[in-house]
Amino acid sequence: MSPPLPSDLGYIPPDGGWGWAVVFGASISVGFAYTFPKAFTIYFKELQAVYSISYSQIAWITSIMCATTYGGGPISSILVNRYGSRPVVIFGGLLCGIGMVSAAFCTSILQLYICVGFITGFGLALNLQPSVIIIGKYFLKRRPIANGLAMAGSPVMLCTLAPLNQFLFDNFGWRGSFLILGAILLNCCVAGALFRPIGAPKIQSNEEVKEVLKEEVTKDAMEMNSSTNIPVETKPEEEEAKDCCEKINKYLDFSLFKHRGFLIYLIGNVLMFLGFFAPIVFLAPYAKHIGIDEYSAAFLLSVLAIVDMVARPATGIIANSKWVRPRIQYFFSFSIAFNGACHLLCPLASGYKGLVIYSVFFGLAFGMVCAMLFETLMDLVGATRFTSAVGLVTIAECCTILLGPPIGGTLIDTFGDYKYMFIKCGAVMVLAGTFLFIMNYYNYRMLAKEKRKAKEEDPKSVRTESEGRNNLNKDTVQDGPELEPLREEQERLKKEVNGTNEV
Amino acid sequence: MPARCSGSCPGRLLLLLLLCLCFSLPGGSPADLAVTPQDANQTHENSLTRMPTGLKSSPEPMTTTQTVNRQTWGGSISDHLTVGPDASTLGLDLTTQEFKQDTKSNTSHSSYEKYEVVLPDDSGPAVVKNITLDRAVRIELTCKLDGKYSSLKVIQVTWKKGNETIGHINKTENSWSIQLTISDNSKLGSYNCTVKGEKEFSVVFHLQVPKIDVKDKPVITYEGDIAVLVCKSLNSTPISWTWYMTNGSEQIAINDSLLLDKYVIDKVFPNVTQLKILKLTSKDDGVYWCEAAFELGKSKGKMKLKVLSLMVPLKPFLAIVAEVVVLVAVIFLFEIYSKRREKCAEIEKEFDQTEQLKSEESNGVENSSTRHRKV
């Protein structure tokens, strides 16, 4: 039996076809957004020498970039809600390109902060969110696979960007590299061009066709359409019920904060990100600290990236299987806890071989968590509200993501030992995983209870509820495993058409 | 104890213990015996330098001690220890000097470094040991034979610097060592310890000034930009830095006072120097040298500066922008094309469906009439 899926989009996503082109574009966008700050660090030494500044001052560039990428989430969500994914991504790509090209002509570190930090960071924010959002619009049954493939763009891009940056730097110096990187970032516009808009208007056209048919056949075609045509029906409703809050909610759905699943996800993830990125940042320094040479330490990160690259699509395939998909939240909690357990065991790894094994497991766990990061949110809130949800989640995560490595660094400096940092990260992640596991168990039970309650009532009212579900009426009925209203609607329409014939 | 000296060792004290397995030549031992009492004889307040002269293979006890010259060394290399050429004479050439290190401590004789190398197992290529010295020290070089070869009969042990043989080899059970005072550039070089017996082993010690760490890849800058060339001396602080630029085949020193608005020399850290070249033009393209002056000599680092015009990266930039524009155009055109095709297909489908409905209607009427009839 196919798992019940939340489908409140108002149409059936294609689950393939042009969707795979969208996944490819999304992987490019996501790859640039996540890896560009990391790959940028090779310019630090040269910039430090040219502008005569300290390492912490130059590191502000990537901090500002990361903060803007995550903090620009809500703005990104509002723009996508208003204009759709494609224009936002193209605009984001242009912004990134302009930012880097202007950085090539900078004469002070402050100008670099603005050009590289703010402008490029904001452009990347406008790339990241819409890419993830549009996957939810194109895929439903195969959404975990699509998410896994799109997130796999990050390690692939890291493996290509890092050597490319080095090559550019050796041949063109830092100014020329910035210029060419600006052009490379313009490729995000290509990814954006692939994001063909999809949505309810398709049903409009279907409805129009059926209207024509019914007009030909019967005279009460208009009545039918008014009862079956969702967007037409809800629009007058919308206009009547619109007030200030709902107007804002149309752009950024703050009512999500009353959504149980969303709150669970938010708290769990905010906690998790405290210990998520710090081990990657400190893996190479830790390796050098225990006596491994620089090239072998860099090799550890390569091992991590390669395992990550394979783990993300694989996790997507596993998460899509019929055993895991209904319980995907448990799988997510397990992968977070597994990640934490890896970190807790890392201090026991002795020597280079131990660290390689740790890197392999860490890469696996990291890939698993990243692949399901947005899939679980989509699963909890549904694809239509996901637009706003992702913006709100990223700005909340922004703080802990930025705090994680500095806290780890402080621990290392205070105790002079790396193991406390690993213990802290591991403990935080195991705690987050356990919290998510317990709370999602509770959530699943509550959802099942609500579903049973809803089914006991009039089945037709359930259907109309699910049909009329849009961004407004979310408080009463929670999304989650439920019916397949679209299929039922199609059957009903067929019956009606046949019925009119018999009349 | 295997020698483990590299540039990371503390600059002053490089421990190098050479344990040579000296084949105890019949004459060797008296020479050895001769060396030690001379040590005792030479006592001076500040420091004692003794340059063991090379012993020829014919052993002759060198017991005379001579004070050749006595100089105070005030932080600059001004004395010359005679060694080498004099060693060819069968005379102990001892030079005593008073050292005053340029650090505050006056106990230069306590800055005694030992370097030891265990000879290789088989008589393969000679083992090479590099020692970096940035200031005057007394060192002891020892070559040692591995314990398992203690039964080997050692016929001869020679210490050489270049072609000159060094005498006054200290012999212990399995090791042969020489003591050197490195006080100026001429003392640096390669010291060779050869142990001849049934097999021949060889160890070479290279005494050098510290190397300069420079970026081996060319520094790329653009016209009108600022270039920063950085030279770093690892683990040792030189006395002074000098920058040279190459004009044709000459090297011209960059004097700070020369072109103040063009060249700026910064000393960021004691062991790091920075040359900033402002207002770059294509004429500034070329090779630059940074020279570090140490007590024992000078060390140079070579840096290449490339000055490019902005046209150089502009070409790949425009190529990539063109590629982006082409791809976006292709994608949009494909979308318009496929939409048009869909619309045509939909209109056809709609047409078919109306036809079908019309035919069904007529059929339905017939069916109902037949049903009536049947009923």
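This report walks through the disulfides and the nonpolar cores of the structure above.

The model is a predicted one, so please read every value here as computed from its atoms.

**The disulfides**

A good place to start is with the cysteines. A disulfide is a covalent bond between the sulfur atoms of two cysteines. Counting over all chains, there are two of them in this structure. The table sets them side by side.

| Cysteine pair | S to S distance | Angle about the S-S bond | Handedness |
|---|---|---|---|
| B:C143 and B:C193 | 1.8 Å | 50° | right-handed |
| B:C231 and B:C290 | 1.7 Å | -85° | left-handed |

Where in the chain do B:C143 and B:C193 lie? B:C143 belongs to strand β6 (residues 137–144) of chain B, and B:C193 to strand β11 (residues 189–197) of chain B. The two cysteines are 50 residues apart, and their bond links distant parts of the chain. Both B:C143 and B:C193 are buried.

Now for the other pair. B:C231 sits in strand β15 (residues 227–233) of chain B, while B:C290 sits in strand β20 (residues 286–294) of chain B, so this disulfide ties together parts that are 59 residues apart in sequence. Are these two cysteines buried or exposed? Buried means under 20% relative accessible area. B:C231 has a relative accessible area of 0%, so B:C231 counts as buried. B:C290 is buried too, with a value of 0%.

**Cysteines to compare**

A:C188 takes part in no disulfide. The nearest cysteine sulfur belongs to A:C96 and is 5.4 Å away, whereas a disulfide needs sulfur atoms within 2.5 Å. A:C188 is buried, with a relative accessible area of 0%. B:C344, on the other hand, is partly exposed, because its relative accessibility is 46%.

**The nonpolar cores**

Let us turn to the nonpolar side chains. The largest nonpolar core has 121 residues, and the members touching the most others are A:F40, A:L112 and A:F178. Which helix gives the most to this core? That is helix α18 (residues 351–381) of chain A, with 14 residues.

A:F178 makes a nice example to look up in the structure. Setting aside neighbours within four places in sequence, A:F178 is in contact with A:F40 and A:L112. Its other contacts of this kind are A:Y43, A:L47, A:M100, A:V101, A:A103 and A:A104.

Apart from the largest core lies another one, made of 48 residues. Among its members are B:V117, B:W176, B:V209 and B:A227.

Terms used:
Residues are numbered from 1 along each chain as its sequence is written. Chains are lettered from A and ligands numbered from 1 in the order in which they are written. This is a predicted model: local features need pLDDT of at least 70, side-chain atom pairs count only at pLDDT 80 or more; totals for chains, interfaces and linings use all residues. Side-chain values use heavy atoms; hydrogens and water are left out. Helices (H or I, at least four residues) and strands (E, at least two) are DSSP runs, numbered from the N terminus. Buried means under 20% relative accessible area, exposed over 50%, partly exposed in between (1.4 Å probe, protein chains only). A nonpolar core is a set of buried Ala, Val, Leu, Ile, Met, Phe, Trp, Tyr and Cys residues joined through side-chain atoms within 4.5 Å. Contact means heavy atoms within 4.5 Å.
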